[in-house]
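Colleague: I'd like a walk through this structure, one feature at a time. Could you show me how to read it?

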Amino acid sequence: MLHDRLLVEPEADSSERQSGAGLVIPATAAGPKRLAWAVVVAAGEHVRQVAVGDRVLFDPEDRAEVEFGGTDYVLLRERDVHGVHTVGDGERSAGLYL
């Protein structure tokens, strides 16, 4: 990876969601724009706040997709990441940085 680029593997998006009250929301229901989670598989040399293996929150509308070895990946810039979910060495709890 070059410069501030990240190569991420998006997590599987379920077709249906469930609200906090237990109501099932079908995939066809129009709603507000949602962000998506992905796992970082490669990072450029100028990436400073994200490491390989971290989960990142990004906007699925602003992405470039690439297929490599039969797997779909997304190419992002570090500035396009909205949040990072990481577990430190020896820690049991995870930190979420927005």
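Colleague: Let's start with one residue: which strand does R77 lie in?

Modeller: Before that, keep in mind that this is a predicted model. R77 lies in strand β7, which covers residues 71-77.

Colleague: And how many helices and strands does the chain have in total?

Modeller: The count is 0 helices and 9 strands. Reading from the N terminus, the elements go β-β-β-β-β-β-β-β-β.

Colleague: Back to R77, then. Why does it count as partly exposed?

Modeller: The idea is to look at relative accessible area: under 20% is buried, over 50% is exposed, and partly exposed is in between. R77 has 26% relative accessibility, so it counts as partly exposed.

Colleague: Which residues is R77 in contact with, leaving aside its neighbours within four places in sequence?

Modeller: With those neighbours set aside, R77 is in contact with D4 and R5. R5 is 72 residues away from R77 along the chain, and yet their C-alpha atoms are separated by 4.5 Å.

Colleague: How do I read that in terms of strands? What stands opposite R5 in β7?

Modeller: Strand pairing is read from bridges between residues. Here R5 stands opposite R77 in β7, and β1 and β7 pair in the antiparallel sense over 4 bridges.

Colleague: Which other strand is joined to β7 by 5 bridges?

Modeller: That's β6, residues 64-68, and β6 and β7 run antiparallel. For the bridge partners in β7, take E65 with V74 and V66 with Y73.

Colleague: What happens at the turn of that hairpin: how many residues lie between the strands?

Modeller: The hairpin of β6 and β7 has 2 residues between the strands, and G69 takes a positive phi near 65° there.

Colleague: Is β6 well covered or hardly covered?

Modeller: For that, count the buried residues in the strand. β6 has 5 residues, and the count of buried ones is 0, so to speak a strand that is hardly covered.

Colleague: Now the other side of β1. How many bridges does β1 share with β4?

Modeller: β1 and β4 pair over 5 bridges, in the antiparallel sense. As an example, L7 stands opposite A42 in β4. From β4 you can carry on to β5: 4 bridges join these two, which run antiparallel, and the bridge partner of W37 in β5 is L57.

Colleague: W37 has a ring. What sits over it?

Modeller: The charged end of R55 does, 4.5 Å from the centre of the ring of W37.

Colleague: And how many aromatic pairs are there?

Modeller: A pair of aromatic rings is described by the distance of the centres and the angle of the planes. In this model the count comes to 0 aromatic pairs.

Colleague: What makes up the largest nonpolar core?

Modeller: To find a core, look for buried nonpolar residues joined through their side chains. The largest one here has 12 residues: L6, V8, A38, V40, V47, V50, V56, F58, V74, L76, V81 and V84. Five strands, β1 (5-10), β4 (36-43), β5 (55-58), β7 and β8 (81-86), each supply at least two residues of this core. Take F58 as one member: setting aside its neighbours within four places in sequence, F58 is in contact with residues including W37, A38, V74 and L76.

Colleague: How much of the whole chain counts as buried?

Modeller: Of its 98 residues, 22% do. The chain exposes about 7,200 Å², and carbon and sulfur atoms supply 49% of that.

Colleague: One last stop: what is unusual to look for in the phi of H3?

Modeller: Check the sign. Phi of H3 is near 50°, a positive value in a residue other than glycine.

Colleague: Where does H3 lie, and which residues is H3 in contact with?

Modeller: H3 lies in the segment before β1. Leaving aside neighbours within four places in sequence, H3 is in contact with G44, E45, H46 and V47. With a relative accessible area of 48%, H3 is partly exposed. To close the loop with R77, H3 and R77 are 74 residues apart in sequence and 8.9 Å apart in space, C-alpha to C-alpha.

Terms used:
Residues are numbered from 1 along each chain as its sequence is written. This is a predicted model: local features need pLDDT of at least 70, side-chain atom pairs count only at pLDDT 80 or more; totals for chains, interfaces and linings use all residues. Side-chain values use heavy atoms; hydrogens and water are left out. Buried means under 20% relative accessible area, exposed over 50%, partly exposed in between (1.4 Å probe, protein chains only). Accessible areas come from the Shrake-Rupley method with a 1.4 Å probe; for residues, only the protein chains shown count as cover. Rings of Phe, Tyr and Trp (its six-membered ring) pair if their centres lie within 6.5 Å; planes under 30 degrees apart count as stacked, over 60 as edge-to-face and the rest as tilted. A charge sits over a ring if NZ of Lys or CZ of Arg is within 6 Å of the ring centre and within 35 degrees of the ring normal. Contact means heavy atoms within 4.5 Å. A nonpolar core is a set of buried Ala, Val, Leu, Ile, Met, Phe, Trp, Tyr and Cys residues joined through side-chain atoms within 4.5 Å. Two strands pair if DSSP finds at least two bridges between them.
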